[in-house]
Amino acid sequence: MPMEESDQASQRVQADDAPWAGTGRYEVVRVIGRGGMGVVYEAFDRELGALVALKTLLHVSPVALYHFKQEFRALCDVQHPNLVRFHELVATDPSRPFFTMELVRGVDFVAHVWGGARVASSPSDAPTTHDDNTTRPDRPVRPDADSNAPPRRVRRPSTPADMTRLRSALLQLVRGVHALHTGGKLHRDLKPSNVLVTPEGRVAILDFGVAASLPRFFDDDLDETAAGGTPRYMAPEQATDEPPLPASDWYSVGVMLYEALVGRTPFVGSGLDILTDKNAFRAPDPSDLATGIPKDLASLCCALLERDVVLRPSATQILRRLGERASVAPTPVPTTSEPLAEPSLVGRDAHLAALHHAFDTARAGHAVAVFVRGASGMGKSTLVHAFLDGLVARREAVTLRGRAYERESVPYKAVDTLIDALSRHLLRLTERDEAPELPADVWALARVFPVLRRVPSISHVLEEAIVDPVSARRRAFLALRDLLGTLARRQPLVLYADDVQWGDLDSAALLLELVRPPGAPGLLLVMSHREDDAKA
């Protein structure tokens, strides 16, 4: 919500009173929320002259840093009125990484629907592994399996929900979740405190700390995310090792709708009891527990809470039930676990042939670098990903994919996400007892890219007492070159760096080192950039 400069000045705190004073650009105003991993501040952006939300880590570790960056990257490119807007990631100070986002003022979803009694602030950063039952009714008697029989009650109270507010907020919530899914992401921790409603009635979904990418059966470099979710709101399948699905988020929406209608969630108790009950029993029909609930909302709620993911409605079906008649694009969810053929790209046969030729040369043991140039929107990324997907589907290569983000300030900007991908690959090799031999100077590489220390074989490597940054950087470059060479000798290796026009000179120097003769590792390095944004 915009504020006058005088109001901004009056609400600021002195640096001595704040846990952290901020930076030259961002002045900390106050603490909004504090969780087990991070702190969220209200801050004044001196450059924009506006208030923003600023999230930073409490304790920086390789694992925490990795997931912190993923939280920002998961949503920075997905723009929708019902999703909080992300601004900038800054990790130039390794002891204090942070990102900024839109400051949303409002109450949580259920509080708004009930009349706005419970005031909330955003973004939420409450721990997602603890389920507090101190303010909830006692746990109900369990219904019979596979029945909708409600707990025994003497009388049914009236629904606490204002139906006008509920229908408007619910429709916006569904639109936002669908936009998230269409962008290839899942939230995995939808709950009232992560959905705020402003005084103007706008719904904003926030807190993507455990967000995940939708699975792609082409991709052997799938992202993994921190385990999390709140038992009271999470879907039954989230407690298993099943891959995340859009249906899991829709279940959480169903729990929120249920709580808004009835006054409590369908299952309460300890986290373990809740997850056990969700997998064993159907949720009671909300109409059996409260009066005044419209039939269409009760029916939708029951459908969203189906234990079988196949029986839950899709985004299109939900929106139609809520009166949305406009066409809705389907969420891109794979329907088979079998590798698919390489997609055909009209008019791109020559480009694909050139990429395949470059790959064949690299597979023969030569380092090859390929640049894919073009104006924005010409399909450069689509072309390269189609090529890489084909290699993975045919099990011809390991692909590590990354990109540079315009709104990031991180060291080695065009390489950082590639190193994240490398860490994921090394973790998978470790899980399969196939960890590669590490170069002697891997400590130097981990100094430059701390996320690599989340790999067990790297986490315990001691650093050498070298204070000369030039020498340490040189040894880090050579260590990466040696490590990638080891991996490429096992199986053909392709690295893809997208949007390198947003990169920096350090990234360019490192990428050049990877393919510099003599003795460069036999790999294919593909880089794409926009001609209209390329730096001179």
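How are helix 4 and helix 7 oriented to each other? Keep that in mind while we look around this predicted model, and we'll work it out from the angle.

Let's start with the whole chain. The protein chain has 15 helices and 16 strands. Of its 536 residues, 52% count as buried. Now take contacts between residues at least 6 apart in sequence: 70% of them join residues at least 24 apart.

Back to our two helices. Helix 4 covers residues 163-182 and helix 7 covers residues 295-304; their axes come within 12 Å and cross at roughly 40°. An angle under 35 degrees would count as roughly parallel, and 65 to 115 as roughly perpendicular. The crossing angle fits neither range, so helix 4 and helix 7 are oblique to each other. As for handedness, helix 4 passes helix 7 in a left-handed crossing. Which residues do the touching? On helix 4 they are Met163, Leu166, Arg167 and Leu170, and on helix 7 they are Asp296, Leu297 and Leu300.

Hang on to Leu166, as it turns up again in the core. The largest nonpolar core holds 77 residues, and within it Phe109, Leu166, Leu170 and Leu173 touch the most other members. If you skip its neighbours within four places in sequence, Leu166 is in contact with Phe109, Val113, Ala161, Leu257, Ala260, Leu261 and Leu297. A separate core, made of 42 residues, lies apart from this one; Leu65, Leu422, Leu483 and Ala488 are among its members. Here's the general background: in soluble globular proteins, nonpolar side chains tend to be buried together.

Next, find the open sheet of four strands. Reading across it, the order is 12-16-15-13, and the pairing is parallel. Strand 12 (368-374) and strand 13 (398-403) sit at the edges with a single partner strand each, so one side of each has no neighbour in the sheet. On average, neighbouring strands here are turned by 15° against each other, ignoring direction.

Zoom in on strand 12. Seven bridges join it to strand 16 (residues 524-530), and the two run parallel. One pairing you can look for is Phe371, whose bridge partner in strand 16 is Met527. Ala369 lies in strand 12 too. Is Ala369 buried, exposed or partly exposed? Its relative accessibility is 38%, so Ala369 counts as partly exposed. Not counting residues up to four places away in sequence, Ala369 touches Val515, Leu525 and Met527. You can also check Ala369 against Ala358: they are 11 residues apart along the chain, and their C-alpha atoms are separated by 8.1 Å.

Finally, let's visit a few loops with unusual backbone geometry. As a rule, most residues other than glycine have a negative phi, and most peptide bonds are trans. In the loop between helix 15 (505-515) and strand 16 you'll find Pro518. The peptide bond from Pro517 to Pro518 is cis, with omega near 0°.

Arg395 has a positive phi, near 55°, though it isn't a glycine. Look for Arg395 in the loop between helix 10 (380-393) and strand 13. With a relative accessible area of 69%, Arg395 is exposed. Asp433 also has a positive phi, near 60°, and it isn't a glycine either. Asp433 lies in the loop between helix 11 (416-431) and helix 12 (442-448). At 74% relative accessibility, Asp433 counts as exposed.

How values were computed:
Residues numbered from 1 in each chain as written. Predicted model: local features only at pLDDT ≥ 70, side-chain atom pairs only at ≥ 80, totals over all residues. Heavy atoms only, no water. Pairing = 2+ DSSP bridges. Axes fitted to C-alpha atoms, helices over the stretch in contact; angles between N-to-C directions. Core = buried A, V, L, I, M, F, W, Y, C linked by side-chain atoms within 4.5 Å. Buried < 20%, exposed > 50% of the residue type's maximum accessible area, 1.4 Å probe, protein only. Contact = heavy atoms within 4.5 Å. Parallel < 35°, antiparallel > 145°, perpendicular 65-115°, else oblique. Left-handed = near helix turned anticlockwise from the far one by under 90°.
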